[in-house]
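This report describes selected features of a structural model. The model should be viewed alongside the text.

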Amino acid sequence: MPNTSLTEPRVTDRKTIRVDMIARVEGEGALDLHIQDGKVVQANLSIFEPPRLFEALLRGRDYTEAPDITARICGICPIAYQMGAVHAMEDALGLKVDGPLRALRRLAYCGEWIESHALHLVMLHAPDFLGYPDAIQMARDHAHMLNAGLALKKAGNEIMRVLGGREIHPVNVRVGGFYRVPTRADLQPLAAMLGPARERAIELLRWTSTFPFPDFERDYELVALRHPDEYPFNEGRIVSTRGIDLRVADYQTMFEERHAAHSTALQSVIKGRGSYLVGPLARYGVNFDRLPDYIRSLAKDAGLGPVCRNPFKSILVRAVELVYACDEALRLISNYEVPDSPAIAGTPRAAVGYGCTEAPRGICYHRYEIDADGTILTARIVPPTSQNQLSVEEDLREVATRNIDLPESELRARCEQTIRNYDPCISCSTHFLRLTIHRE
Amino acid sequence: MTIPPNRCPLIVIGVGNPDRGDDGIGPLVAARLKTLPGVRVVTRNSDAFAIIEECCGAEAAVLIDAAAVISNPGRIHRIDLAADELPCELGLASTHAFGLAEAIALARALNRLPRRVIVYAVEGVCFDPGAVMTAEVAAAAEEVVSLIAAEVLLPGLRPEKPPQARRPGAVGQ
């Protein structure tokens with residue numbers, strides 16, 4: 001028997017796993033995972049999609065154009081960008097939009113959350129937990145749940161179409177309100193869809209609560225909007241689980257973007273602290289007490305406490321938020337009264353305006369400087385996926401470290417699932433995500 | 001601002017983005033077929049779910065989409081899904097997560113695919129944002145309009161009458 005343990009030179013454990021494309025994410029990027037001697041030494045989420053320079057496109061345009069330009073940033077969450085822009089412009093103009101117009105904005109937000117969360121939950125994320133390569137393969141065994149998700153997505157899209165004029169890149173949102181507002185009768189078919197959709201959302205929550213979840217938690221600083229009495233969509237202070245409590249206008253006093261050589265998207269950090277988490281887990285953790293009692297009860301039945309720090313359980317929280325969005329939409333429709341005017345008028349002035357809303361993937365910050373005639377001088381937009389990039393990398397480092405002995409294919413799958421926990425919208429942050437694991 | 005009325009048994013869906021050169025062939029053909037009697041004609045982007053929903057309740061569907069160039073820009077492929085699969089080399093997947101190919105696969109898995117589905121795929125060469133459609137694909141669009149206009153009049157694509165009224169073997173072209 002050869003003696004190898006002491007006399008042979010030590011061979012460095014070096015391996016490279018390459019996945020050319022991670023499916024089921026929105027956008028193009030790559031992950032490079034470097035493993036050396038059994039330890040994960042680096043995890044870079046590289047976003048190589050060319051920057052689209054929306055902030056530069058906005059400069060020199062009229063403030064009234066911002067909602068339509070920013071809606072083009074994303075086909076999944078255009079409302080978030082439009083709302084961030086209109087709130088910031090209204091802040092600059094000194095306008096306060098309230099009453100039925102504000103309610104319609106919340107309804108539009110419900111539509112966006114429903115279509116986005118339903119798509120991600122059923123089509124993109126659920127196959128990871130049930131061992132299917134994609135939703136098409138999963139559909140053969142779970143057609144009922146796929147159909148539930150599709151029905152929810154359709155309901156969300158209908159809200160978007162009725163309020164936005166079309167499902168993708170809505171054209172009906174303007175600074176001060178809408179170009180046209182619906183009648184009560186216009187909204188009734190939506191209510192007829194949302195009742196059954198709500199029941200399907202509860203079915204999805206119960207279904208996802210049976211999934212096998214990895215025993216994994218991280219001590220994230222959760223950051224979300226917080227409103228005095230609402231689960232947040234488009235208004236509130238920026239609050240964290242470690243003491244941040246800011247006006248939206250003060251966002252940049254605590255948060256900054258920095259450039260990473262491996263990414264065309266800027267990465268956000270909390271100054272002096274580093275990574276943080278936005279999105280469903282953060283929203284839920286910061287605002288659990290803002291959910292109606294029966295939804296808190298549904299969450300508890302699904303195994304969720306008031307705060308969830310297991311990113312894999314984000315699918316559960318999305319399901320909770322699906323139920324909430326359906327309920328809130330039904331409430332808003334029930335209480336809706338047609339406003340006197342589809343929009344309130346404003347007069348431009350030289351000013352800086354700030355806006356922050358809760359996109360499905362987390363807070364989306366906008367800052368605009370306009371001159372006296374309403375021309376946009378500067379624009380700053382910080383999308384949620386940029387804010388979560390560091391947390392994705394830290395999750396990956398931890399997940400890979402804990403699962404380093406798994407066979408390559410399983411490790412790769414778990415890493416992809418870790419990325420999809422975030423429902424990353426890479427297009428927003430600057431399309432395909434490539435995963436490369438280097439073992440050295 | 002109302003939810004669309006119930007579906008027609010025969011639907012024509014033009015898939016694509018008219019602002020991206022040859023990708024606009026689906027919407028262009030759909031626009032030219034708008035006046036076909038007894039047919040619901042719609043345009044959709046390549047969102048799989050919207051395509052599935054549009055097909056819901058339809059007995060037959062004709063889908064028009066741009067395809068990757070294999071040999072010649074403007075070359076027309078007619079695929080009858082009752083007989084053939086979508087050829088992978090046509091690249092009928094979306095730039096986003098779910099395209100026409102995925103829509104058809106998902107609808108089939110969910111048993112929501114219409115009884116007959118005909119796909120017209122036209123090879124394109126230019127899909128740049130803001131680009132105009134190439135002459136080859138524009139010419140092909142006219143031919144596809146004629147082919148579909150003739151095809152939808154054939155019994156194979158019309159909703160089935162009582163079984164005795166069915167013409168055996170009539171499956172379009």
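## Helix faces, packing and backbone

On one side of helix α4(B), Ala135(B), Glu142(B), Ser146(B) and Ala150(B) are exposed, on the other side from the buried residues. The model in which this is seen is a predicted one. The buried residues of α4(B) are Val137(B), Ala140(B), Ala141(B), Val144(B) and Ile148(B). These buried positions lie on the same side of α4(B), because the arc that they cover around the axis is only 115°. An α-helix has 3.6 residues a turn, so residues three or four places apart point the same way. Helix α4 of chain B comprises the 17 residues 135–151; at 1.5 Å a residue these should span 24 Å, and the end C-alpha atoms are indeed 24 Å apart, which agrees.

Chain B as a whole contains four helices and five strands. Read from the N terminus, its elements follow the order β-α-β-α-β-β-α-β-α. The chain has 173 residues, of which 45% count as buried.

Helix α1 of chain B, residues 25–32, includes Gly26(B). Is Gly26(B) buried or exposed? Gly26(B) has 29 C-beta neighbours inside 10 Å and therefore counts as buried, the cut-off being 20 or more. The C-alpha atoms of Gly26(B) and Val122(B) are 9.0 Å apart in space, although 96 residues separate the two in sequence.

In chain A, helix α4 (residues 99–130) and helix α6 (residues 143–164) have axes that come within 8 Å and cross at roughly 155°. The two helices, α4(A) and α6(A), are therefore roughly antiparallel to each other, as angles over 145 degrees are classed in this way. The crossing in which α4(A) passes α6(A) is left-handed. The contact of α4(A) with α6(A) has 17 nonpolar, five polar and three charged residues.

The backbone also deserves attention. Most residues other than glycine have a negative phi. Two residues with positive phi are listed below.

| Residue | Phi | Loop | Other C-beta atoms within 10 Å |
|---|---|---|---|
| Asp37(A) | near 50° | between β2 (29–36) and β3 (39–46) of chain A | 11 C-beta atoms |
| Asn111(B) | about 60° | between α3 (100–109) and β5 (116–124) of chain B | 10 C-beta atoms |

Asp37(A) is exposed on account of its count of 11. Asn111(B), with a count of 10, is likewise exposed; the cut-off for this class is 12 or fewer.

Terms used
Residues numbered from 1 in each chain as written. Chains lettered and ligands numbered in written order. Predicted model: local features only at pLDDT ≥ 70, side-chain atom pairs only at ≥ 80, totals over all residues. Axes fitted to C-alpha atoms, helices over the stretch in contact; angles between N-to-C directions. Parallel < 35°, antiparallel > 145°, perpendicular 65-115°, else oblique. Left-handed = near helix turned anticlockwise from the far one by under 90°. Nonpolar A, V, L, I, M, F, W, Y, C, P; charged D, E, K, R; others polar. Expected span 1.5 Å × (residues − 1). Arc of directions from axis to C-beta.
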